[in-house]
Amino acid sequence: MQSFTVVEAVVAPLDRPNVDTDAIIPKQFLKTVERQGLGVHLFAAWRYLEKDGVQVPNPDFVLNQPRFAEAQILLARENFGCGSSREHAPWALADYGFRAIIAPSFADIFYNNCLKNGILPLRLASAVVDHLFHEVRAAPGYRLRIDLPAQEVQTMGDSRYPFEIEASHKHKLVHGLDDIKLTLALGDAIAAYEARRGREAPWLFSAPRSGATRV
Amino acid sequence: MSGKTLYDKLWESHVVHTEADGSTLLYIDRQLLHEVTSPQAFAGLRAAGRKPWRITANIATADHNVPTLDRAAGISDPVARLQVETLDRNCAEFGIEEFAMNDRRQGIVHVMAPEQGLTLPGMTVVCGDSHTATHGALGTLAFGIGTTEVEHVLATQCLWARKSRSMRVWVDGVLAPGVTAKDLVLAIIGRIGTAGGTGYAIEFAGPAVRALSLEGRMTLCNMAIEAGARSGMVAVDERTIDYVRGRPYAPVGALWDAAVAAWQGLHSDADAVFDAEVRMDAGAIAPQVTWGTSPEMVTDVQGRVPDPARAADATQRKGWEEALAYMGLKPATPIQEIRIDKVFIGSCTNARIEDLRAAAAVVRGQHKAASVREVLVVPGSGPVKAQAEAEGLDRIFLEAGFEWRDPGCSMCLAMNADRLEPGERCAATSNRNFEGRQGAGGRTHLVSPAMAAAAAIAGHFVDVRHWPAS
């Protein structure tokens, strides 16, 4: 996983609450068996218009505006990423080039999925997010600097906004660590749990009856 | 010291290891796999040369992409076919049991697993699908995960998690005839909002919840995620045990007796304290209809679409205006004047036998309105389909001009050929009314099976409590 330490980048504002994962990556793109290549479909229903049977960029959509072309930080509203558990949503955001999303709140599953893909989901108070929306709109080329080790968002005008993140999440992001290897290091504890649980609740560990009676 | 919640008990019995910051390695008893969110997980496992930690804890079925017509001909969409075949190949390679597309036990993963006895009280259940919350109806801790986590569970049988806060939604009273678990959960979402449960595990409790069948409880827990909660759950009672008894993968003999004894404790203690409490009165709930593009945009069938001029603040006004524009609705339109083009009866929310019986009871002897182009009835699984046919429900639907299809997710998310065309309006028994969910430009109104069936006959929404009027 790509590590995340300090990112300074252009900010793109997406001013809608409750942006769901169907909007982030519509279902017609979930048939892939790959993780890569979804960036072109990010926000497809909002980002493209159909003209004479072909898809053309919708000039009104924020990511199609030249001033946000280099954006790597997405500024969003509350409950971002609600709905489906599809990891295709953070895959599409990462493939497009986003490294961080700033919002007042995130849906739980989406939040977790971002962390597994090197994207920092960063919570700031609603009033601060509101203020940042004003600043982004007022200043073409508006950039933010996100310092994860210091847990701070810095504006170019040198305002500083501290943010919270769980220590274990931060550690894994900063070092780009994948979970499985770390978890397998606890293999003995898992095996010990299974042995104990198997005595307490043996029905959970009896192999499914092969050729179980069909309903 | 206060007692434990059901969530506390389920959580504590699955803790393998806890880090200093509270991050917990949680043991997973059952992982359900389907074709859309598993291919990259298997690829990751293969790339790292890893084997599944405990093969028999996993079970797979194809549901999202499968056609609901003419299955003998296979899947015509080559991309969808590759995904389903990839699941078949992965299950064969790693030795995981699969109910493949043409197995008669195949079905929507959240219908299939409880039906087969693969979901048992007291388990932790995960799946790469947000509607995994459904399984909480059997007194499990069940939640949706992403594909990286699917791979993690395959490789380690565990997940890193943090304990959620606890919320109890207590429902007093009795649901009126014609008012169902679907109406109850939509009313709950209307009350607390789509983010009201974020960060919480919700326990549904109270006399009105106790009175629900297991199927109704599954409908209720299914939509916990639509209130923002990863998990919903209901305590185990005699109904739960009666439901599980005799299912193909349920324990038998001495193991069954030991299991039942343990399951008796799967309820919140009387003195348990919740981080949040919500109280509802079942008797005050009317059939619900969503009017917007989020499940919280819901009102009762006697109500009207809201007027943005009356919104509480600018954000809500903008949200309502955008939703009404997408839905093609004028402010203050009475719900019962909204005419529909299509009807979808199915999904992991409402495709169990009880749902089909409720729809058939409304339809019997009638025919769909001429203005309604298509009514799809998609049973949740092979056994549901067989049961419905044994009861003659398929005849009732077919005689009404409805279509009787094969099991799968179908037009809930329109990954297969079943979808809305741009601008089409649908009464759907599914769980999400997001923009484009049932097809690009499609407009979804979420309702119960009886409400959907009645709308198909009338051509517009009607109040099933007083319908037909004669």
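This text walks through a predicted model of two protein chains, A and B, beginning with the surface they share and then turning to details within each chain.

The place to begin is the contact between the chains, to which chain A contributes 60 residues and chain B contributes 83 residues. Together, chain A and chain B bury about 5900 Å² between them, and 57% of that area lies on carbon and sulfur atoms. Polar groups also meet here, since 30 residue pairs are found in polar contact across the interface of chain A and chain B. On the chain A side, the helices α3 (88–96), α4 (108–115), α6 (167–175), α7 (179–184) and α8 (187–200) each supply at least two of the residues that touch chain B. Among these, α8(A) gives the most, with 8 residues. Sorted by kind, the residues of chain A that touch chain B comprise 23 nonpolar, 16 polar and 21 charged ones.

Side chains of opposite charge can pair when their charged atoms come close. Between chain A and chain B the count of salt bridges is 5, and one example is the bridge that Glu435(B) forms with Arg16(A), in which the closest N and O atoms are 3.0 Å apart.

Within chain A, Val174(A) is a useful residue to look at, and it lies in helix α6 of chain A. Is Val174(A) buried or exposed? Because its relative accessibility is 17%, and buried means under 20%, Val174(A) counts as buried. Leaving aside residues up to four places away in sequence, Val174(A) touches Ser3(A), Phe4(A), Thr5(A), Leu148(A) and Pro149(A). By contrast, the C-alpha atoms of Val174(A) and Gln28(A), which are 146 residues apart along the chain, are separated by 33 Å.

Salt bridges also occur inside a single chain, and a search of the whole structure finds 43 of them over all chains. In chain B, the side chains of Asp269(B) and Lys9(B) meet in one of these, at 2.8 Å from N to O. This pair links distant parts of the chain, for Asp269(B) sits in the loop between α10 (253–263) and β12 (276–281) of chain B, whereas Lys9(B) belongs to helix α1 (residues 6–12) of chain B, 260 residues apart. Asp269(B) is partly exposed, with a relative accessible area of 24%.

A second link is found where Arg162(B) forms a salt bridge with Asp21(B), the closest N and O atoms being 3.7 Å apart. Here both partners are in loops, Arg162(B) between β8 (158–161) and β9 (165–172) and Asp21(B) between β1 (15–18) and β2 (24–27) of chain B, with 141 residues separating them in the chain. Arg162(B) is partly exposed at 30% relative accessible area, and Asp21(B) is partly exposed at 22%.

In a third pair, the side chains of Arg373(B) and Glu424(B) meet in a salt bridge of 2.6 Å, N to O. Arg373(B) lies in the loop between α12 (353–363) and β16 (374–377) of chain B and Glu424(B) in the loop between β17 (403–404) and β18, so the pair ties together parts that are 51 residues apart in sequence. Arg373(B) is exposed, with a relative accessible area of 52%, while Glu424(B) is buried, at 6%. Salt bridges that share partners join this pair into one network, whose members include Asp341(B), Lys342(B) and Glu374(B).

Strand β18 (residues 425–428) of chain B pairs with β19(B) in the parallel sense over 4 bridges, and Ala427(B) stands opposite His445(B) in β19(B). Both faces of strand β19 (residues 443–446) of chain B are covered, with Arg443(B) and His445(B) buried on one side and Thr444(B) and Leu446(B) buried on the other.

Note on methods:
Residues are numbered from 1 along each chain as its sequence is written. Chains are lettered from A and ligands numbered from 1 in the order in which they are written. This is a predicted model: local features need pLDDT of at least 70, side-chain atom pairs count only at pLDDT 80 or more; totals for chains, interfaces and linings use all residues. Side-chain values use heavy atoms; hydrogens and water are left out. Buried means under 20% relative accessible area, exposed over 50%, partly exposed in between (1.4 Å probe, protein chains only). Two strands pair if DSSP finds at least two bridges between them. Contact means heavy atoms within 4.5 Å. Buried area is the accessible area (1.4 Å probe) that two parts lose on being put together, summed over both. A salt bridge is a side-chain nitrogen of Lys or Arg within 4 Å of a carboxyl oxygen of Asp or Glu. A polar contact is a pair of N or O atoms within 3.5 Å; within protein, one must be able to donate a hydrogen and the other to accept it, and residues adjacent in sequence count only if both atoms are side-chain atoms. Ala, Val, Leu, Ile, Met, Phe, Trp, Tyr, Cys and Pro count as nonpolar, Asp, Glu, Lys and Arg as charged, and the others, Gly among them, as polar.
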